[in-house]
Amino acid sequence: MSAGAGILAIDQGTTSTRAMVFDDMGRVQAQAQRELPQIYPKDGWVEHDPEEIWRATLAVCSTAMEQVGAKSIAAIGITNQRETTVIWDRETGAPIYNAIVWQDRRTADFCRAIRERDLEPEIMARTGLVVDPYFSASKISWVLDNVPGARAGANAGRLAFGTIDSYLLWRLSGGTVHATDATNAARTQLFDIHAQDWDDTLLDIFQVPRAILPQVRDCASEFATCDPALLGRAIPITGVAGDQHAALIGQACLRPGMVKSTYGTGCFTMLNTGVKAVPSDNRLLTTVAYRLNGEVTYALEGSIFIAGAAIQWLRDGLGLIDQSPQSEDHARAIADTDGVYLVPAFTGLGAPYWDADARGAIVGLSRDSGVSHIIRAALEAVCFQTRDLFQAKAADGVALNTVRVDGGMAVNDWLMQFLADVLDLQVERPAMTETTVLGAANLAALGAGVYSSLDEIAAHWQSDRVFKPAMETDERDRLYAGWQKAVERVRV
Ligand code: ADP
């Protein structure tokens with residue numbers, strides 16, 4: 001590694017905290033990771049201990065830096081679990097409550113009341129988001145209403161709110177910088193994604209005082225300088241983005257029409273829509289892809305609840321396989337599913353159906369159906385659901401041209417080929433699949449001047465394999481029509 005051009009990227013995720021050091025070619029030089037304990041105080045509540053997050057962050061950064069030597073680090077980048085909410089005292093730096101995690105549903109009634117006041121269209125128009133406990137706004141309000149003295153403290157300017165990026169910036173800067181980036185701000189539900197500012201109407205609806213909010217910056221900029229007492233040197237922090245946004249950058253999906261699709265437990269897709277914020281008629285989310293030099297690039301986001309989780313169910317629930325990769329052998333062992341479809345609506349159907357009461361089904365079974373047919377149908381369902389989602393994005397008026405995949409399921413070659421066939425689009429898998437943490441490193445490199453432009457990020461992206469569509473149109477249409485019929489049968 002050339003001296004002083006290394007980038008330390010922090011990925012503070014829902015289940016773990018990681019640090020990786022990259023060289024200026026985007027190659028991994030060192031890494032460290034620590035699991036993050038989950039706290040479930042009540043049914044539907046999920047919390048993290050912010051002090052544990054901070055300790056873990058320092059520990060993984062120190063370990064990774066020891067492997068390469070502190071002197072080789074030019075800058076730090078941060079990516080994080082989005083929406084998770086921390087409120088702390090500006091004087092002492094101490095959090096006044098645990099971090100409320102994005103999955104937490106405690107504010108469901110609060111959000112329902114807002115929807116019943118018919119405020120959702122206005123909120124969606126400004127934020128691009130549906131009204132849901134998922135986002136930070138209702139969580140902030142909950143803390144202010146439930147921690148004694150918090151609302152008065154917030155109004156008096158004594159308290160600070162931040163998503164995890166903001167909380168880490170505060171701690172890393174020794175309590176001198178209260179800032180976030182535009183992608184994390186966009187997920188609070190308090191930020192007008194068009195005006196690029198906190199919005200008084202939203203603050204009023206969610207009863208959040210402006211005094212507790214961080215300053216919003218570009219994703220690549222001089223956020224702060226790390227307190228030298230923490231990591232041994234005063235290193236600049238120059239890149240920040242929420243995890244899905246960082247993955248989009250790590251995948252170099254930097255032109256309109258490019259989409260990154262992450263296949264893990266669920267599937268998270270983000271489509272670059274360029275300078276245009278595209279409102280969705282299909283309840284997809286409009287969000288900030290990234291903001292650089294004051295210029296906003298927007299994205300359409302959509303997710304599939306059950307992707308790899310269906311394979312986990314075949315393994316752990318039904319015992320049809322011992323390990324997930326065996327699903328590929330089963331899929332290859334037969335020519336087709338012979339009309340069998342598995343609709344994994346275990347927790348309802350998401351975009352574009354939005355049917356929370358629907359439940360899963362296996363349809364089209366015959367005497368000849370076997371274990372392989374069911375397993376292959378589970379894999380095929382991931383691809384059909386992706387097509388559902390992409391068609392919804394296309395219906396919102398954006399043409400998709402490139403699909404880049406990552407996540408645990410992307411190693412399944414059969415699945416990726418079937419995906420290309422069902423989408424009738426080329427599917428590209430990168431050599432470096434840790435796209436989230438790479439994206440944070442890319443932003444930091446840009447902010448520190450190690451990279452001069454986005455073109456350098458695009459130039460460093462390396463393909464592992466490209467899957468080209470090879471299915472006849474008739475066959476593709478026939479299979480997808482069968483999927484749509486199967487979905488109809490589970491809708492309530
Ligand atoms: P997460 O980040 O959501 O925990 P990962 O990205 O680690 O998930 O991916 C794990 C998921 O991918 C699991 O649901 C697992 O069943 C699935 N998976 C892993 N390998 C394969 C494979 N070869 N074929 C199909 N599914 C797989």
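## Two cavities, a buried helix and a sheet

The second largest cavity is lined by six nonpolar, two polar and two charged residues. This is a predicted model, so let's take its inner spaces before moving on to a helix and a sheet.

Who sits around that second cavity? The residues lining the second largest cavity are I7, F22, D23, D24, G26, L438, A441, N442, A445 and Y451. Helix α15 (residues 435–448) makes the largest contribution to this lining, at four residues.

Now for the other one. In total there are two cavities of 30 Å³ or more. The largest cavity has 15 lining residues, and I304, L349, G350, A351 and Q385 are the ones nearest its centre. Two elements, β18 (295–304) and α13 (371–395), each put at least two residues into the lining of the largest cavity. Of the elements involved, α13 gives the most, with three residues.

Here are the two side by side:

| Cavity | Volume | Lining by class |
|---|---|---|
| Largest cavity | about 130 Å³ | 10 nonpolar, four polar, one charged |
| Second largest cavity | about 50 Å³ | six nonpolar, two polar, two charged |

On to helix α14. How many of the residues of helix α14 (residues 413–423) are buried? Nine of the 11 are, so the helix is largely enclosed by the rest of the structure. The buried set in α14 is W414, L415, M416, F418, L419, A420, D421, V422 and L423. Both ends of the helix have something to look at. At the start of α14, the backbone nitrogen of W414 has a side-chain oxygen of N412 within 3.2 Å. W414 is also one of the buried residues. Just past the other end, D424 adopts a positive phi of about 55 degrees.

Last comes a sheet. Six strands make up an open sheet with mixed pairing, in the order β3-β2-β1-β5-β14-β13. Its edges are β3 (28–35) and β13 (220–225), each of which pairs on one side only. From one strand to the next, the twist averages 25 degrees. Within the sheet, β5 (residues 73–80) and β14 (residues 236–242) run parallel and are joined by five bridges. If you want a spot to zoom in on, try G77, whose bridge partner in β14 is G239.

Methods. Residues numbered from 1 in each chain as written. Predicted model: local features only at pLDDT ≥ 70, side-chain atom pairs only at ≥ 80, totals over all residues. Heavy atoms only, no water. 1 Å grid on protein atoms, 1.4 Å probe; cavity = no way out; pocket = protein on both sides within 12 Å on 5 of 7 lines; lining within 4 Å. Points joined across faces, edges and corners; volume = space filled by probe spheres on them. Nonpolar A, V, L, I, M, F, W, Y, C, P; charged D, E, K, R; others polar. Buried < 20%, exposed > 50% of the residue type's maximum accessible area, 1.4 Å probe, protein only. Polar contact = N/O pair within 3.5 Å; in protein donor to acceptor, adjacent residues only side chain to side chain. Pairing = 2+ DSSP bridges. Axes fitted to C-alpha atoms, helices over the stretch in contact; angles between N-to-C directions.
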